[in-house]
Amino acid sequence: MTKSKIASYIDHTLLAPQAGIKQIVLLCQEAKRYNFASVCVNPIYVSSAAEELSGSGVKVCTVVGFPLGATTTKDKINESKNAIANGADEIDMVINIGAAKDGRFSEVGTDILGVVKACKTAGKKLGKNIIVKTILETCLLDDNAIVNCCLCAKKAGADFVKTSTGFATPKGVDGNPLPNGASEHHVSLMRKTVGDDMGVKASGGIRSARTAISMLEAGANRIGTSSGVSILENWDESETVNSKY
């Protein structure tokens with residue numbers, strides 16, 4: 001796979017709470033230089049990113065209900081509408097994780113549907129097709145819940161299912177931290193569940209070219225990472241000669 005091809009899969013991400021405007025501008029400049037799919041920023045920086053990326057072809061992605069997913073559907077809808085008005089092209093919403101853990105999947109689906117409808121309606125008024133990605137936080141869910149959440153997202157008309165926020169802090173029974181990002185197993189499960197009609201975004205802990213390729217091979221077609229530049233600068237096309245990519 002060429003560098004330009006892998007770049008087209010990457011959402012160049014900066015969601016750290018301490019990120020300032022200079023870092024966001026740099027993020028956008030890097031995204032234009034490498035032609036990433038999008039930049040993913042917190043809602044407060046959507047308008048700045050949209051201005052910086054105007055005419056570049058790089059999309060502006062932002063997060064909604066982030067990182068807990070524990071705001072009401074009405075709040076997520078309002079947050080989405082505001083972001084779209086400010087120039088967002090893609091919305092990554094965190095699902096109702098508590099409902100998913102409880103097996104209350106009808107509530108998960110209703111939450112997603114409300115945001116999807118609002119985003120599509122707001123986008124249509126602007127002549128844009130807003131892409132909606134649903135963040136499942138897979139490290140907190142078992143396989144059955146992941147499958148059901150994927151089916152909820154598909155039924156609601158979301159465009160992607162996404163693995164992680166990168167901000168969860170799961171712990172084992174011994175109290176030690178567990179992995180909180182994307183895994184090949186979860187990506188493969190999500191792809192198998194949604195089929196070829198939806199996107200799968202792998203995010204969280206993807207910091208190397210090798211990891212990025214493993215996620216693509218597992219079924220992802222978008223990569224969320226804050227290490228996009230490093231991945232490309234260390235990209236060795238010869239390593240992917242036997243890959244389907």
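**Close-up views of a predicted model**

**View 1. Strand S4 is covered on both faces, with Glu90, Asp92 and Val94 buried on one side and Ile91 and Met93 buried on the other.** This is a predicted model, so keep that in mind for every view here. S4 takes in residues 90-94, and five of its five residues are buried. Why do the buried residues fall into two sets? In a regular strand, side chains take turns between the two faces of the sheet.

**View 2. S4 has a parallel partner in S3 and another in S5.** With S3, the pairing runs over four bridges, and here Val63 sits opposite Asp92 of S4. With strand S5 (residues 131-135), the pairing runs over five bridges. Look for Val94 on S4, which faces Ile135 in S5. To get from S3 to S4, follow helix H4 (residues 73-85): the three together form a right-handed β-α-β unit.

**View 3. Strand S2 is paired with S1 and also with S3.** S1 and S2 run parallel and are joined by four bridges. The pairing of S2 with strand S3 (residues 59-64) is parallel too, over four bridges. Ser38 is a handy landmark: Asp11 stands opposite Ser38 on the S1 side, and Lys59 of S3 also stands opposite Ser38. What links S2 to S3 along the chain? Helix H3 does, and the β-α-β crossover it makes is right-handed. S2 itself is covered on both faces, with Ser38 and Cys40 buried on one side and Val39 and Val41 buried on the other. Coming from S1, the chain passes through H2 to reach S2, again in a right-handed β-α-β crossover.

**View 4. Helix H2 runs through residues 21-34 and has a buried side.** Its 14 residues reach 20 Å from the first C-alpha to the last, close to the 20 Å expected at 1.5 Å a residue. Which residues of H2 are buried? They are Ile24, Leu27, Cys28, Glu30, Ala31 and Tyr34. These residues lie on the same side of H2 because they cover an arc of only 160 degrees around the axis. Turned away from that buried side is a face carrying Lys22 and Arg33, which are exposed. The cover over the buried residues of H2 includes helix H1 (3-7), strand S1 (10-14), strand S2 (38-41), helix H3 (46-53) and helix H10 (228-233). Just past the end of H2 comes Asn35, with a positive phi of about 60 degrees.

**View 5. Asn42 sits in the loop between S2 and H3.** Its side chain reaches the backbone oxygen of Leu15 at 3.1 Å. Leaving aside residues up to four places away in sequence, Asn42 touches Leu14, Leu15, Ala16, Thr62, Val63 and Phe66.

**View 6. Helix H8 (residues 184-194) has several buried residues, including His186 and Arg191.** The others to pick out are Val187, Leu189, Met190, Thr193 and Val194, which are buried as well. What covers the buried residues of H8? The cover includes helix H7 (143-156), strand S6 (160-162), strand S7 (199-203) and helix H9 (209-218). Right after H8 you'll find Gly195, where phi is positive, near 75 degrees.

Methods: Residues are numbered from 1 along each chain as its sequence is written. This is a predicted model: local features need pLDDT of at least 70, side-chain atom pairs count only at pLDDT 80 or more; totals for chains, interfaces and linings use all residues. Side-chain values use heavy atoms; hydrogens and water are left out. The expected span of a helix is 1.5 Å times one less than its number of residues. Buried means under 20% relative accessible area, exposed over 50%, partly exposed in between (1.4 Å probe, protein chains only). The arc is that of the directions from the helix axis to the C-beta atoms. Contact means heavy atoms within 4.5 Å. A polar contact is a pair of N or O atoms within 3.5 Å; within protein, one must be able to donate a hydrogen and the other to accept it, and residues adjacent in sequence count only if both atoms are side-chain atoms. Two strands pair if DSSP finds at least two bridges between them. A crossover is right-handed if, with the strands pointing away from the viewer, the path from the first strand over the helix to the second runs clockwise.
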